[in-house]
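Visitor: Before we look at particular features, I would like to hear how the descriptive terms are justified. Could you take me through the reasoning step by step?

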Amino acid sequence: MDDLAFARAQMGLSLAFHIVFAVIGIGMPLLMVISEALWLRTRAPVYLELTQRWARGTAILFAVGAVSGTVLSFELGLLWPRFMEYAGGIIGLPFSLEGFAFFTEAIFLGIHLYGWARVPALAHWVAGLVVAVSGTASAVFVVCANAWMNAPTGFRLVDGRVTDVDPIAAMLNPAALPQVVHMVLAAYLATGFAVAGVHAWFLLRDRTSVFHRRAFGIALAVGAVAAPLQALSGDLLARMVAARQPVKFAAMEALYRTQAGAPLTLGGLPDDATMTVRWGLEIPGALSLLAAHDPTAVVRGLEEFPRDEWPDVLAVHLAFDLMVGLGFILLALAAWAGWLALRRRAVPDTRGFLRAMVAATPLGFVAIEAGWVVTEMGRQPWIIYGVMRTADAVTPMPGLAVPFAVFTAVYLLLTAILVVLLRRGFLETAPGRRPAPAHDA
Amino acid sequence: MTPDPVPLLALVILVALVLYALSGGADFGGGMWDLVATGPRARRQREAIEEAIAPIWEANHVWLILVVVVLFTAFPPAFAATMTALHVPLTLVLLGIVARGAAFAFRKYDVPDDRVHRRWSTIFGVASLLTPFFLGASLGALASGEIRLAGGVVTTGFLAGWPRPFALGCGLFAQALFAFLAAVYLTVDTQGEPDLQEDFRRRALGAGLGVAPVAVGVLLLARTGAPVVFAALTSRRAVPLLVATALAAAGALAALWRRRFRLARALAVVEVTGVLVGWGLAQYPYAIIPDLTFHAARGPAVTLRLLTWALALGALVLVPSFAYLLRVFKGARPPRGAAP
């Protein structure tokens, strides 16, 4: 591997690590706000205990997300100085706004976590609400900046020089809305299903636990509402990509030849040399239907673009199919949950459903990782689509294998420690075994 | 005609750095005192440090992020050149930030066993000691005049400026200042526990006395190690600031000696602010001495204008929020049990 590959690997690793904690930082506050609102309304102690236990887990994950996010803000410059020099003035604004949103989130998270005995009940709930809103706002701003790399607007190039910069237009680029909606829903979807899965595991062991039943109900509701909306937003985003980044779209769908009534290829192994897909499942006309909502529409294949502008078709296609496949599994679970809930007028808790929910615990997060692989690898070889190549943005710093190795080791270690700590935290602080964190002791 | 946003935005960077030093810097210092917690009250010392830091930990951190985003939004070439030339020390800073942030969170979450606790404390402490050293060395390198650019491209490689006596002295200076600041804050935070307060008073006095020779040493090293900054700091117009900072430093020590802890805290804040403002004024108009000024590095005019507005609006939200945070956790404690 050369230095460019190591820089890309380090950036990818940092993003893949951070996104898990960023998503939890968006999703968990929403669950906590719902639970605390139920506590304020019903005064049932189970909701207070639930809010506090969720907060305890969130605190440690938020702390890791904060440091891994700091790492990213530096890595933009440490690894891609030419990109930042070029793009900073155009797309820095949403990053600055994100800074403020994160600041607000950090301040009110401090109040939420440590202020139980220090602020009035309603103020405490409002602090949680501010955390949830500002966490989501952070995601909106950061994804706007990423969307600009896919759909760079808000400036003109004259003789290779950037002029007529319009930071607002850059921030509100055509990819921004579909990407933002898709990411925010993904955060709620993944967190909802992951949390529901954990509590389903406890419910399978003790179906009388009111604590886990309430927790499962809240998390499942959030995940199940997000699932169908996510399918719609995925369609919106895919059509935007088809229109603005046809080469990425062709790679996602492993479509080598331009054709009318293009088939949708599920799975398979794309082979650039022969420009065919082996062992894929083809659904005639379906791709044209998806891309243009017309089964006879012409979809442009990879053959229309120079070879050196192709992304890694194999990785992008399989990651895309993985994401969509997982999304549909979660959608099916949401439908199952809705059907059970309607029929029984209660939180669905049949053994089979709970087992399926346990199995689905990590799926939302896997789908998010796969989705970012599609977005980022699908944009290659460009760092700014059609404007700047990734190879031209990288730092001249030699020996990038060293920081890559060090950060890989650090992130693996952190992951291992977190798994151990969280696992023990879940098991040891099961309700009843230990008093809830005292807010009025 | 609109006013020139360049000095204003450079000032924002300086103010954010000052606030980072005053808040996050004290957290670094807290980690150092955690590392060397000794005596019969070692455990209580660690707990007091943790109680003081925990609620404001995440918020304190964001000042550094603000410095980074304002720098790359308003002055992209300065950001690119800084991150290129200082790749090595800044990567070490990042590793330190990750290590201490994770260790701090894990320690709180892990089993409350003393041995386990100490292991996390060690990582937290060592990272808290080393991170400000490389941060200080990086700022020193920007001031040294040894990082050279031609046509916006760094020509002096990756070892210019920072592995030099002056920059390393700046690193040591940052460590000493943060250790002093943290100990002074902790004398106020431990009000009501006289033994503990006395521990931190002794530490604050020791660190405060240690700051003086380091400060003088750095100034002497600047003579050859950072001549532009040295000339500015020894010019006549710098005299009032130098005198005020030195008086604040002496006053803080005197206040500690007489156990006027709140006064000592205020004077320590003035001292640290004076040091950073002195450096900032000496460095301006340069982002990187001597080849890149903030003016030359400025981004598009419209971006600077929008950023100024965004910062103003952001401050409108942040200042009251931050004041509320400090009031909740650093003000007088309400009677326990007042909440639901």
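Guide: Helices here are DSSP runs of H or I with at least four residues, and strands are E runs of at least two, numbered from the N terminus. On that basis Arg259(B) is placed in the loop between α10 (239–257) and α11 (261–283) of chain B. Please keep in mind that this is a predicted model.

Visitor: What makes the phi of Arg259(B) worth pointing out?

Guide: Most residues other than glycine have a negative phi. Phi of Arg259(B), however, is near 60°, a positive value in a residue that is not glycine.

Visitor: Why is Arg259(B) called partly exposed?

Guide: A residue counts as buried with 20 or more other C-beta atoms within 10 Å and as exposed with 12 or fewer; Arg259(B) has 13 within 10 Å, and therefore falls in between, as partly exposed.

Visitor: And is Arg43(A) buried or exposed?

Guide: Arg43(A), which lies in the loop between α1 (3–42) and α2 of chain A, also has a positive phi, of about 60°. Its count is 10 other C-beta atoms within 10 Å, so Arg43(A) is exposed, given the limit of 12 or fewer.

Visitor: Why are α1(B) and α2(B) called roughly antiparallel?

Guide: Helix α1 (residues 5–35) of chain B and helix α2 (residues 42–53) of chain B pack at an angle of about 165°, and their axes are 9 Å apart. Angles over 145 degrees count as roughly antiparallel, which makes that description fit α1(B) and α2(B). Their crossing is left-handed, and the contact involves Asp27(B), Gly30(B), Trp33(B) and Asp34(B) from α1(B), together with Gln45(B), Arg46(B), Ile49(B), Ala52(B) and Ile53(B) from α2(B). By type, the residues of this contact are four nonpolar, two polar and three charged.

Visitor: What makes α3(B) largely enclosed by the rest of the structure?

Guide: Of the 18 residues of α3(B), 17 are buried, and α3(B) is therefore largely enclosed by the rest of the structure. Helix α3 (residues 57–74) of chain B reaches 27 Å from its first C-alpha to its last, close to the 26 Å expected at 1.5 Å a residue.

Visitor: Which peptide bonds are described as cis, and where are they?

Guide: Among them is the bond joining Gln380(A) and Pro381(A), with omega about 10°, where Pro381(A) sits in the loop between α12 (363–379) and β9 (382–384) of chain A. Another runs from Ile289(B) to Pro290(B), with omega near 0°, and Pro290(B) belongs to the loop between β3 (286–288) and β4 (292–293) of chain B.

Notes: Residues are numbered from 1 along each chain as its sequence is written. Chains are lettered from A and ligands numbered from 1 in the order in which they are written. This is a predicted model: local features need pLDDT of at least 70, side-chain atom pairs count only at pLDDT 80 or more; totals for chains, interfaces and linings use all residues. Axes are lines fitted to C-alpha atoms, for helices over the stretch in contact, and angles run from 0 to 180 degrees between N-to-C directions. Angles under 35 degrees count as roughly parallel, over 145 as roughly antiparallel, 65 to 115 as roughly perpendicular and the rest as oblique. A crossing is left-handed if the near helix is turned anticlockwise from the far one by less than a right angle, and right-handed if clockwise. Two residues are in contact if their C-beta atoms, placed from the backbone, lie within 7 Å. Ala, Val, Leu, Ile, Met, Phe, Trp, Tyr, Cys and Pro count as nonpolar, Asp, Glu, Lys and Arg as charged, and the others, Gly among them, as polar. The expected span of a helix is 1.5 Å times one less than its number of residues.
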